[in-house]
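Visitor: I've got a model open on my screen and I'd like to poke around in it. Mind walking me through a few spots?

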Amino acid sequence: MSARDWIEKDFYAELGVPPDASAEEIKKAYRKLARELHPDANPGDAQAEARFKSVSEAYGVLSDAEKRKQYDEARRLFAGGAFRPGGGFGGFGTGGGFDFGDLLGGTAAGGAGGGGGGGLGDLLGGLFGRRGGASAANRPKRGADVETEVHIDFLDAVRGATVPLRLTSPASCGTCGGTGARPGTSPRQCGGCGGSGLVTRNQGAFAFSEPCRDCRGTGQIIDDPCLECAGEGVSTRTRTLTVRIPAGVDDGQRIRLAAQGEPGRNGAAAGDLYVRVHVDPHPVFGRSGHDLTVAVPVTFPELVLGTTLTVPTLDGKVSVRVPAGTASGRVLRVRGRGIPRRDGGSGDLLVTLRVDVPRDLDDRAREALEAYAAATSDHDPRADLTALLEHGKG
């Protein structure tokens, strides 16, 4: 693939976002597509796997602010007509030609030696991995980060848990150690490009650089490829990791496992693995930050006369005093009976009181309730509301 072909890829269309999309919109679009296209969700689907790689490539550029800026500048350059099909670049003055090798940050092996980088070379150097003629293929490159998801129940999220994680992802080939060559052999430097990975081709008064066809831009030739990875140095494998979920983890929180992502190239460090935790809801308890919440049904007499309630917690029960005259919906706080914090403390238990209204009453209960209504007929619970409405009219 030539440099021009690479630039003309529309990474925004690949992720389904507009060119002015925010970093958060790009991340959200990538996560949605990655979940849909991940090999684990589409076993044996080569088309989905190819789309997954394309989406990952697009996100790798657009998620990096500097690379995205360079990519946008390069696309504006092409859109503005600086590149003329069949003959290099125009619009840079009338004297002489423009070397496409200079655009990439210097001439490739086999081309004329030039001056320093700078200008457009600096603009695209970050995208194509070249600075002053150096090949990205020969430089160490950190492995890509990987993200996966795990579902745990509410109690495991509160107390912490250790869960197994089955992950299918690229990894350094165990047979060749990532070299791509059969054990006992080594890759050799490509003679076509001198190990740079790029060659310069002349077209009239112009010249352009593109990846070397002999080594496919790697700068190396593997005469005897590894049978396991077919010379790629990376193979897809399934592995099982043990992930420690810390106590108090919240829904949607990410846990980072250093150096458990995709392997690095040419001796560079591996990327990281991010595990996004999804917490299943509990039928009784909820949470607000590090506070544990629970709604407790009470009767009307209990609120009017006061009482002591037995309230469940995550590790037993507690007694909660309800003062006489408590309103429905009031929240009572029990200190230290919530969710663990990192500092060793805990949040609180928040008890919300809800009046339970019986659906059916026998004659005795109905008579008692009617007698209570008659005895309190002078009390208007909506008097304050009426006064506020009348005041508003005035």
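Visitor: Where is Ala259 found?

Guide: Keep in mind that we're looking at a predicted model. Strand β8 covers 254–257 and β9 covers 273–279. Ala259 sits in the loop between β8 and β9.

Visitor: And what is the phi of Ala259?

Guide: Most residues other than glycine have a negative phi. Ala259 isn't a glycine, yet its phi is positive. With 46% relative accessibility, Ala259 counts as partly exposed. As for the phi of Ala259, it's about 60°.

Visitor: Which loop holds Arg216, and is Arg216 buried or exposed?

Guide: Arg216 also has a positive phi, near 60°, in a residue other than glycine. Its loop runs between β5 (206–211) and β6 (220–221). The cut-off for exposed is over 50% relative accessible area. Arg216 has 63% relative accessibility, so Arg216 counts as exposed.

Visitor: On to helix α3: what length does it reach from its first C-alpha to its last?

Guide: Helix α3 takes in residues 23–37, which is 15 residues. At 1.5 Å a residue, the expected length is 21 Å, and the model comes close to that. From first C-alpha to last, α3 reaches 21 Å.

Visitor: Which residues in α3 are buried?

Guide: Buried here means under 20% relative accessible area. Arg31 has 19% relative accessibility, so that arginine counts as buried. The buried set in α3 is Ile26, Ala29, Tyr30, Arg31, Leu33, Ala34 and Leu37.

Visitor: What does the side chain of Arg31 meet in a salt bridge?

Guide: Side chains of opposite charge can pair when their charged atoms come close. For Arg31 there's a salt bridge at 3.6 Å, N to O, and the partner is Glu147. Arg31 lies in helix α3 and Glu147 in strand β1 (residues 146–152), so the pair ties together parts 116 residues apart in sequence. The partner is partly exposed, with a relative accessible area of 27%, and its name is Glu147.

Visitor: Which side chain does Arg35 meet in a salt bridge?

Guide: The N to O distance in that salt bridge is 3.2 Å, and the partner of Arg35 is Glu149. Glu149 lies in strand β1 and Arg35 in helix α3, so this pair ties together parts 114 residues apart in sequence. Arg35 counts as partly exposed at 45% relative accessibility. The partner also counts as partly exposed, at 28%, and it's Glu149.

Visitor: How many salt bridges does a search of the whole structure find?

Guide: One of them joins Asp272 and Arg256 at 2.9 Å, N to O. That pair links Asp272, in the loop between β8 and β9, with Arg256 in strand β8, 16 residues apart. Asp272 is buried, with a relative accessible area of 7%. Across the whole structure, the search finds 20.

Visitor: Which residues do salt bridges with shared partners join into one network?

Guide: We've already met one pair in it, Arg31 and Glu147. Sharing partners brings further residues into that network. Its members are Arg31, Glu147, Arg254 and Arg276.

Visitor: Last one: which residues form the negative surface patch?

Guide: Glu370 is one of them, placed in helix α10 (residues 363–375). At 48% relative accessibility, Glu370 counts as partly exposed. The patch is formed by Asp362, Asp363, Glu367 and Glu370.

Conventions
Residues are numbered from 1 along each chain as its sequence is written. This is a predicted model: local features need pLDDT of at least 70, side-chain atom pairs count only at pLDDT 80 or more; totals for chains, interfaces and linings use all residues. Side-chain values use heavy atoms; hydrogens and water are left out. Helices (H or I, at least four residues) and strands (E, at least two) are DSSP runs, numbered from the N terminus. The expected span of a helix is 1.5 Å times one less than its number of residues. Buried means under 20% relative accessible area, exposed over 50%, partly exposed in between (1.4 Å probe, protein chains only). Patches are made of residues with over 30% relative accessible area and no salt bridge: like charges are joined within 9 Å, nonpolar side chains (Val, Leu, Ile, Met, Phe, Trp, Tyr) within 5 Å. Accessible areas come from the Shrake-Rupley method with a 1.4 Å probe; for residues, only the protein chains shown count as cover. A salt bridge is a side-chain nitrogen of Lys or Arg within 4 Å of a carboxyl oxygen of Asp or Glu. Lys and Arg count as positive and Asp and Glu as negative; His and the chain ends are not counted. The place of a charge is taken as NZ of Lys, CZ of Arg, CG of Asp or CD of Glu.
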